[in-house]
Amino acid sequence: MPRKLLLLPPLSVSSAFRAPRACPAVRPAMNAARTGYRVFSANSTAACTELAKRITERLGAELGKSVVYQETNGETRVEIQESVRGQDIFIIQTIPRDVNTAVMELLIMAYALKTACARNIIGVIPYFPYSKQSKMRKRGSIVCKLLASMLAKAGLTHIITMDLHQKEIQGFFSFPVDNLRASPFLLQYIQEEIPNYRNAVIVAKSPDAAKRAQSYAERLRLGLAVIHGEAQCAEMDMDDGRHPPPMVKNATVHPGLELPLMMAKEKPPITVVGDVGGRIAIIVDDIIDDVESFVAAAEILKERGAYRIYVMATHGILSAEAPRLIEESSIDEVVVTNTVPHEVQKLQCPKIKTVDISLILSEAIRRIHNGESMAYLFRNITVDD
């Protein structure tokens with residue numbers, strides 16, 4: 001009697017490598033590792049890890065285990081002390097006074113995570129360094145573009161930052177950039193912490209900052225004032241060095257190539273466009289570093305009748321003698337966010353106040369990891385912020 005052959009259906013790839021039924025926990029564990037995320041701090045100074053701790057507390061997560069330190073010869077060394085394979089990694093890097101060391105720490109950590117097979121590496125850089133060097137000056141270079149290329153080469157796939165000095169900087173990157181805004185937190189501070197803020201006027205210390213000031217004034221339903229004149233030194237007035245080489249003696253010039261003689265720029269005397277007499281003056285900007293221009297603006301506003309003067313900015317770098325100059329000036333209060341650590345400056349100058357922005361950064365991390373829309377974080381935000 002001939003034997004009957006039992007035909008089995010062909011094995012698919014998924015069924016051929018299916019885990020045994022006796023070990024049902026294998027697949028969930030692998031998926032959990034593949035879809036997890038970790039948050040690391042790429043800074044070697046304790047003061048700069050404060051923001052990372054605030055963010056992880058809001059996320060209900062633990063800070064990733066890593067060691068970042070400087071060797072005796074000045075080289076930066078990074079050691080990742082846990083597995084990151086297949087995970088989304090968020091590197092929080094605040095920029096202290098030693099900017100170049102912070103940049104190298106970020107690059108080396110990103111490259112170490114890339115080597116360790118992390119799935120995505122997202123840099124959380126609230127204050128993006130070298131953002132002021134985003135235009136050609138004299139015979140220099142656009143350093144911000146160079147840094148963007150270095151971050152991409154090191155392995156970063158996404159960046160979360162806040163209030164870029166020039167919004168066009170986002171075009172330097174070959175990967176997504178989320179440029180968050182601190183204006184909602186600063187506006188909330190004005191409404192809750194400045195007494196009688198309805199009697200205030202928003203001030204731009206130069207025409208370049210007029211759009212930002214106008215955005216603040218419109219949302220607070222306040223007046224607007226702009227300081228203009230020779231005391232200001234705008235970026236657009238700087239010589240970019242694009243001049244032709246000096247004329248060679250006895251050289252013949254074709255008559256058709258003669259260009260009309262351009263008149264030199266001359267700024268008018270200092271003026272304040274807008275009424276600040278008997279009002280609270282609130283100067284708004286994105287960065288406060290060298291405070292001489294802010295101190296000069298405060299003196300002018302005081303002369304024009306402003307009885308209380310605030311300075312509000314996203315990034316409080318406050319380098320050099322900034323705390324002492326603020327303490328001795330007519331400025332009553334300087335309000336900045338914690339995108340840059342400035343605890344030492346606050347000890348030197350009690351006028352400096354801090355607004356915490358860890359809430360929006362932690363929410364951005366959560367939304368990016370879960371693949372949710374970022375539009376909620378930009379509600380009621382204008383292009384001019």
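In what sense, parallel or antiparallel, do strand E13 and E14 pair, and over how many bridges? Strand E13, residues 333-337, runs parallel to E14, and four bridges hold the pairing. You are looking at a predicted model, and this pair of strands is a friendly place to enter it. One bridge you can pick out joins Val 334 to Ile 352, its partner in E14. Between the two strands, helix H10 (residues 343-348) completes a β-α-β unit, and the unit is right-handed.

Let us step back to the whole chain before going further. The protein chain has 385 residues, and 44% of them count as buried. Its secondary structure comes to 11 helices and 14 strands. Among contacts with a separation of 6 or more, 69% are between residues 24 or more positions apart.

Now return to the sheet that holds E13 and E14. It is an open sheet of seven strands, with the order E10-E9-E8-E11-E12-E13-E14 and mixed pairing. Its edges are strand E10 (271-273) and strand E14 (352-355), each of which pairs on one side only. On average, neighbouring strands here are turned by 25° against each other, with direction ignored. Further inside the order, strand E11 (residues 280-288) pairs with strand E12 (residues 308-316) in the parallel sense, over eight bridges. To find a point on this pairing, look for Ile 287, which stands opposite His 315 in E12.

Two helices that pack on this sheet deserve a look. Helix H7, residues 210-220, touches strand E8 (200-204), strand E9 (223-228) and E11, and its direction makes about 165° with that of E8. Helix H8, residues 292-303, also packs on the sheet, with contacts to E8, E9, E10, E11 and E12. The direction of H8 makes about 170° with that of E11.

Strand E9 is home to Ile 227. Is Ile 227 buried or exposed? Ile 227 is buried, since its relative accessible area is 0%. Along the chain, Ile 227 and Gly 274 are 47 residues apart, while their C-alpha atoms are separated by 8.7 Å.

The loop that leads from H7 to E9 contains Arg 221. This residue is not a glycine, yet it has a positive phi of about 60°. For a backbone check, the background is that most residues other than glycine have a negative phi. Arg 221 is exposed, as its relative accessible area of 68% lies above the 50% cut-off. Tyr 130 also has a positive phi of about 60° and is not a glycine. Tyr 130 sits in the loop between strand E5 (120-125) and helix H5 (143-154). With a relative accessible area of 27%, Tyr 130 is partly exposed.

E5 brings us to the other sheet on our tour. This open sheet has five strands in the order E1-E4-E5-E6-E7, and the pairing is parallel. Strand E1 (37-41) and strand E7 (177-180) are the edge strands, each pairing on one side only. Neighbouring strands of this sheet are turned by 15° against each other on average, again ignoring direction. Strand E6 (residues 158-162) and E7 run parallel and are joined by four bridges. Here Met 162 stands opposite Leu 180 in E7. Helix H3 (residues 50-59) packs on this sheet, touching E1 and strand E4 (88-92), and its direction makes about 160° with that of E1.

Leu 180 leads on to the nonpolar interior. In soluble globular proteins, nonpolar side chains tend to be buried together. The largest nonpolar core has 45 residues, and those that touch the most other members are Ile 160, Leu 180, Ile 202, Ile 282, Met 312, Ile 360 and Leu 361. Where does this core lie with respect to domain 1 and domain 2? It lies between them, because domain 1 (38-180) and domain 2 (184-232 + 269-355) both contribute residues. Leaving out residues up to four places away in sequence, Leu 180 touches Ile 160, Thr 161, Met 162, Asp 163, Ile 360, Leu 361, Ala 364, Met 374, Leu 377 and Phe 378. Another core, of 29 residues, lies apart from the largest one and includes Val 78, Met 109, Leu 164 and Val 177.

Note on methods. Residues numbered from 1 in each chain as written. Predicted model: local features only at pLDDT ≥ 70, side-chain atom pairs only at ≥ 80, totals over all residues. Heavy atoms only, no water. Core = buried A, V, L, I, M, F, W, Y, C linked by side-chain atoms within 4.5 Å. Buried < 20%, exposed > 50% of the residue type's maximum accessible area, 1.4 Å probe, protein only. Domains from an automatic or database assignment. Contact = heavy atoms within 4.5 Å. Pairing = 2+ DSSP bridges. Axes fitted to C-alpha atoms, helices over the stretch in contact; angles between N-to-C directions. Right-handed = clockwise from strand over helix to strand, strands pointing away.
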